[in-house]
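Happy to go through this one with you. Have a look at the model below, and then we can ask what stands behind each description.

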Amino acid sequence: MAILVTGAAGFIGSNLVRHLLERWPDRRIVGYDLLTYAGHLSNLADVMDHPRHTFVRGDVADRESVAKVFAEHDIDGVMHLAAESHVDRSIVDPMAFVRTNVVGTTVLLQEAARAWEGREGVRFHHVSTDEVFGALGAEGRFDEHTAYGPNSPYSASKAASDHFVRAWHETYGLPVVVTNCTNNYGPYQFPEKLIPVVVTRALAGERVPVYGRGENVRDWLYVGDHCDALALVFEEGATGETYCIGGDAEATNLDLVGMVLDAVDGARGAAVGTSRELIEFVTDRPGHDFRYAMDIAKIRAELGWEPSVGLAEGLARTVDWYLSHREWMEEVQGDQHREFTDSWYGKR
Ligand code: NAD
Ligand code: TYD
């Protein structure tokens, strides 16, 4: 069996490729990625020469390139992660999100349906986010029955892609499965998302920007646990179903940033608490969703999955990883990223 992993050179994709090569000794993994500002082959360095791994550079919205991958690699499973993934960038450049997340997903669906006509034993797994459900207040959690209510261009584009996946199942009978997961963190996360932003800035002695008053809440999941859930849903999830995945680990941004900074201090042998002085409250993100939290009862009951790495342990591992991969942090931050960062934070 050959599995196409789109977005393979990104944060979750690269962790997933590594996880799958170990977990599935009889399957080939074909990584597919455009290598945008967020995708880097260095994320896959240790598996580039693996005998069951092939990497192909290509755009999910490029029909010819996608069709060629299906034809040349005899793909029978897709795990679709390629996306523009950063909410702040979606506010500045929403069309890039429509192109990759909506058009790209639809091209992939069409080419999978074409390649798999009349075939059994195939599966299209669409990897999505809890952000499609919108924002929660202080109470309640999202689950598989929550109505869609996306608020950012990013979440709107992911919601649209979820709907197209559903449509390809209902209309064309494509065997699909969808997962919606909460905020991930861990090794290889690009330094534009909150946790690696905090680590890189603290190491450089720069101010750590916290949007608004830091009261927004996210539910954090260690990336290794997400990869385990993805593989399990791909293997055992029921066709046409959605599974919600989460960390059962809510924290306000201010509490989380404090924990990360303390972990950085601890790992550097500095007095714990020193780096908290770097925290600066800045102009809030427009349309900032107040709270995300996931009810994981379905995946727990039906597939026996639950998170195994708690927040304190996961943050300690993550901070250690960043501290021992400082060249990686430098290498992945190209001009395009620095320009965006200067402009975005410059206005806050
Ligand atoms: P990421 O930005 O680190 O990686 C995305 C990858 O997609 C990059 O390697 C990039 O080069 C690639 N890509 C972008 N446009 C492409 C295109 N047109 N064609 C081919 N490749 C392209 O993102 P991530 O955090 O690893 O997220 C992966 C997936 O998981 C996304 O679909 C995201 O919506 C979803 N997700 C992420 C989180 C999270 O907290 N990070 C949570 C839930 C779901
Ligand atoms: P982020 O990592 O961008 O993930 P998402 O917006 O998809 O949840 O942001 C996580 C939370 O941290 C979110 O509430 C916004 C906030 N945040 C900051 O306060 N400062 C920052 O510099 C960033 C990037 C995010």
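**Two ligands and a helix pair**

Q: Which residues come nearest to ligand 2?
A: In this predicted model, 17 residues surround ligand 2, and Glu-131, Arg-218, Arg-285, His-288 and Tyr-345 come nearest.

Q: What makes the approach of Arg-285 to ligand 2 a polar contact?
A: An N or O atom in the side chain of Arg-285 is 2.5 Å from an oxygen atom of ligand 2. A polar contact is a pair of N or O atoms within 3.5 Å, so this pair counts as one. The side chains of Asn-183 and Arg-218 each place an N or O atom 2.8 Å from an oxygen atom of ligand 2, so they pass the 3.5 Å cut-off too.

Q: How do you know how much of ligand 2 the protein buries?
A: Ligand 2 taken alone exposes 520 Å², and the protein buries 97% of that.

Q: What makes up the shell around ligand 2, by class?
A: There are 7 nonpolar, 5 polar and 5 charged residues in that shell. Strand β8 (residues 208–211) supplies the largest share, 3 residues.

Q: Which residues come nearest to ligand 1?
A: Of the 28 residues around ligand 1, these are Ile-12, Asp-33, Ser-85, Tyr-154 and Lys-158.

Q: Why does Leu-34 count as a polar contact of ligand 1?
A: A polar backbone atom of Leu-34 is 3.1 Å from a nitrogen atom of ligand 1. The limit is 3.5 Å, so the pair qualifies. Ile-12 also uses its backbone, with an N or O atom 2.8 Å from an oxygen atom of ligand 1. Ser-85 uses a polar side-chain atom, 2.7 Å from an oxygen atom of ligand 1.

Q: How do you know how much of ligand 1 is buried?
A: Alone, ligand 1 exposes 840 Å², of which the protein buries 97%.

Q: Which elements give two or more residues to the shell around ligand 1?
A: They are α1 (11–23), β5 (123–129), α5 (153–172) and β7 (183–185). The most comes from β5, with 3 residues. By class, the shell around ligand 1 has 13 nonpolar, 12 polar and 3 charged residues.

Q: Why are helices α6 and α10 called oblique to each other?
A: Helix α6 (residues 194–204) and helix α10 (residues 311–323) pack at an angle of about 50°, with their axes 11 Å apart. Angles under 35 degrees count as roughly parallel and those from 65 to 115 as roughly perpendicular. The angle of about 50° falls in neither range, so α6 and α10 are oblique to each other. Their crossing is right-handed.

Key: Residues are numbered from 1 along each chain as its sequence is written. Chains are lettered from A and ligands numbered from 1 in the order in which they are written. This is a predicted model: local features need pLDDT of at least 70, side-chain atom pairs count only at pLDDT 80 or more; totals for chains, interfaces and linings use all residues. Side-chain values use heavy atoms; hydrogens and water are left out. A residue is near a molecule or strand if one of its heavy atoms lies within 4 Å of it. A polar contact is a pair of N or O atoms within 3.5 Å; within protein, one must be able to donate a hydrogen and the other to accept it, and residues adjacent in sequence count only if both atoms are side-chain atoms. Accessible areas come from the Shrake-Rupley method with a 1.4 Å probe; for residues, only the protein chains shown count as cover. Helices (H or I, at least four residues) and strands (E, at least two) are DSSP runs, numbered from the N terminus. Ala, Val, Leu, Ile, Met, Phe, Trp, Tyr, Cys and Pro count as nonpolar, Asp, Glu, Lys and Arg as charged, and the others, Gly among them, as polar. Axes are lines fitted to C-alpha atoms, for helices over the stretch in contact, and angles run from 0 to 180 degrees between N-to-C directions. Angles under 35 degrees count as roughly parallel, over 145 as roughly antiparallel, 65 to 115 as roughly perpendicular and the rest as oblique. A crossing is left-handed if the near helix is turned anticlockwise from the far one by less than a right angle, and right-handed if clockwise.
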